[in-house]
Structures are given as C-alpha cells and as structure tokens.
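The following exercises introduce a protein structure step by step. Each task is followed by a worked solution.

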Amino acid sequence: MSKASFGWVCRSPPKTVSDKLWTACWVAADRARYSSPFVRSILFGGVYHLDALWAARLVTALLRYSLRFQGCPPWSLRFGSPCATLNTWLLRCHWVRVRPWVWQHPLGGVKLDLSVPLSPQLVDGWINHCRHVLRVGWRAYQFKEWCASSRHELLEIPSPLHWFQKINWGDARDWATTTASAATVCLGATYSPAHWQHKDPSCAGCIWPGCSSLGHFHHVFWECASRPHFAPARPASPFLARFGWSAGEDPQIVQSVRVWLSFVQSQLWKVQYG
Ligand SMILES: [Zn+2]
C-alpha cells in the first residue's frame, strides 16, 4: 500500500464494529490461524480491509467532486490521476470498464456508475449505494482468488464460482460473530483429525466413540455412522455443509446445520486440546 493510498484513509471503521469482529474472530486467533485469508476477507474485509476501504474513500471523494462541479473530472488514464488510480484498482479486482466512469463486475453482478448526475438530495444515497457495490465487487474478487487457490476444502466443490451470488454473506458474517466455534467453522479454520495423520497418527482418528476410521472433515461431520443420534442430515449445499453459509435454504435447516457444525467443532477442540 503506497503512501498516496494511505492519504485516502482518513477515518477508521466504527470502533463498535471493529471490536465486535475482533472479539468474535480473533479471540480464537490461535484456532483460526488456519483460516484462508481470502475467506476472512470475503466475510469481513469489505468493511475493514484497507484495500477495500481506500477505494470506498476515493469513490466518495469523486462523487463529492461530481456534486460540487456538476460532473466527474475529465476522464483520463494518465498515470497518477484519481481516475487512472481507481480504474487500475477496479481492473485488478476484476471489474470491467463499460464506458468512462462506469464499470461492472461480472461475478459480483453489480455495476458502479460514477457518471450519474447528482443533486444534494441524492448524493448521500448514491455514495452509500456505490460503496455497497464496491464491497460486493471486492468480495467477489476475493472469492474468485480463493477459488483459484489450492485450498483443499475447495477441491471437493465442483464449479464453486456460481455460488457467489447465491450465498447470503451478511447472514454468514452474523453467524460468525456469535461464538468462537461458529467463527472457526465459518472462516474455514476447522482442521480435522486427519490433519495429524503424518505428524501424529495417534490423533488422526475419528472422534466418535466406536469408530476407527481416519477423521477427515466429511467423515467426522457428515458420514460417520457412530455420530450422535441428533446429527442432522447432510445438506445439499456444499458450502452449508462445510462452512455453514446459507444460500436460500430453509432457515430451520440452516439453523440445525449450524448448531451441529458448532457442536462438532467444540468436540474437536476437546479432543485436540483437552
Ligand atoms: Zn467415524
């Protein structure tokens, strides 16, 4: 992050939000350290990640300029101009330029339009809207980067990209802030007993009494016949089954899956940490 970019960050995120996120996610930092930085960014970065924040500040400044001077500055991709800086950042985040001051994000399904004529009555609403679509686009960019990474939990999910617009990210974020075990599952920071199979094979078995299988995630959470009787059925959505992210499923099913995921995560900690 260059010094020039830092100049745009003249306000930090609201302290109450930062505190809540901090408590929920990073109090268990030792346990969450295996979470993917991409997943952390998808869930929480739009609101407090510097990369997303400074772009929101820049867009806000441009919209305020547009109100004051009855339009955006002349379009120029000259190095160092605000619009070249913004354009470069947007293209890096997989936005596509439609025309000067208008971009769309194919994966995020959103459009950023800074060319709209603004009035004092409209400006605040339009700034909020643009900041929202920036966050959606930034999350979509992080999601795509994550899908392109070689995280093992993604290998089992065929064509994950089309899920981006289906998943209710705000709802997933809210769930992650409830308990440490919810945060751990939701951030993809769970590591199964099978994780230990090379370092310490004695810890690599399934946690359920009477089972001697290797404790892979899907075995322990969804497949083992020795699981407690209250284990819910495995949901159809691979993201709900793995991370507790909902995509329009029945709220009761989502709730029962999340209770189960949190419960098993707690049981894993008991076995792994005593
Ligand atoms: Zn088992």
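A residue is called buried if 20 or more other C-beta atoms lie within 10 Å of its own, exposed if 12 or fewer do, and partly exposed in between, with C-beta atoms placed from the backbone. A nonpolar core is a set of buried Ala, Val, Leu, Ile, Met, Phe, Trp, Tyr and Cys residues joined through C-beta atoms within 7 Å. The model is predicted: local features need pLDDT of at least 70, side-chain atom pairs count only at pLDDT 80 or more, and totals for chains, interfaces and linings use all residues. Residues are numbered from 1 along each chain as its sequence is written.

**Exercise 1. The whole protein**

Task: State how many helices and strands the protein has, and what share of its residues is buried.

Solution: Helices (H or I, at least four residues) and strands (E, at least two) are DSSP runs, numbered from the N terminus. By this count the protein has 13 helices and three strands. Of its 274 residues, 34% are buried. Next, consider contacts, where two residues are in contact if their C-beta atoms, placed from the backbone, lie within 7 Å. Among contacts between residues at least 6 apart in sequence, 59% join residues at least 24 apart.

**Exercise 2. The largest nonpolar core**

Task: Identify the residues that touch the most other members of the largest nonpolar core, and explain where this core lies.

Solution: The core holds 58 residues, and those touching the most other members are Leu43, Val59, Leu134, Ala176 and Cys186. Because domain 1 (3-156) and domain 2 (162-273) both give residues to this core, it lies between them. The domain bounds come from an automatic or database domain assignment.

**Exercise 3. The sheet**

Task: Describe the order of the strands in the sheet and determine which strands are at its edges.

Solution: Two strands pair if DSSP finds at least two bridges between them. The three strands form an open sheet in the order 1-2-3, with antiparallel pairing. Strand 1 and strand 3 are the edge strands, as each pairs on one side only. From one strand to the next, the twist averages 25°. Axes here are lines fitted to C-alpha atoms, for helices over the stretch in contact, and angles run from 0 to 180 degrees between N-to-C directions.

Now take the pairs in turn. Strand 1 (residues 96-99) pairs with strand 2 over three bridges. Val96 has Gln104 as its bridge partner in strand 2, Arg97 stands opposite Trp103, and Arg99 is partnered by Val102. Strand 2 and strand 3 (residues 110-113) pair over four bridges; the bridge partner of His105 in strand 3 is Val110.

Finally, examine the two faces. In a regular strand the side chains alternate between the two faces of the sheet. In strand 2 (residues 102-105), Trp103 and His105 are on the covered face, whereas Val102 and Gln104 are on the uncovered one. Helix 7 (residues 120-148) lies across strand 2 and strand 3, at about 135° to strand 3.

**Exercise 4. Positive phi angles**

Task: Locate Trp101 and His94, and decide whether each is buried or partly exposed.

Solution: Trp101 is in the loop between strand 1 and strand 2, a hairpin with two residues between the strands. Its phi is near 70°, a positive value in a residue other than glycine. Trp101 counts as buried because it has 20 C-beta neighbours inside 10 Å. His94 is in the loop between helix 6 (82-92) and strand 1 and has a positive phi of about 75°, although it is not a glycine. With 17 other C-beta atoms within 10 Å, His94 is partly exposed. In the hairpin of strand 2 and strand 3, which has four residues between the strands, Gly109 takes a positive phi near 70°.

**Exercise 5. Pro160 and helix 9**

Task: Describe the surroundings of Pro160, and state which residues of helix 9 are buried.

Solution: Pro160 lies in the loop between helix 8 (152-155) and helix 9 (169-176). Pro160 counts as partly exposed because it has 15 C-beta neighbours inside 10 Å. Leaving aside neighbours within four places in sequence, Pro160 is in contact with Cys147 and Leu154. In helix 9, Ala172, Trp175 and Ala176 are buried. Seen down the axis of helix 9, these buried residues fall within an arc of 100°, so they line one face of the helix. The arc is that of the directions from the helix axis to the C-beta atoms.
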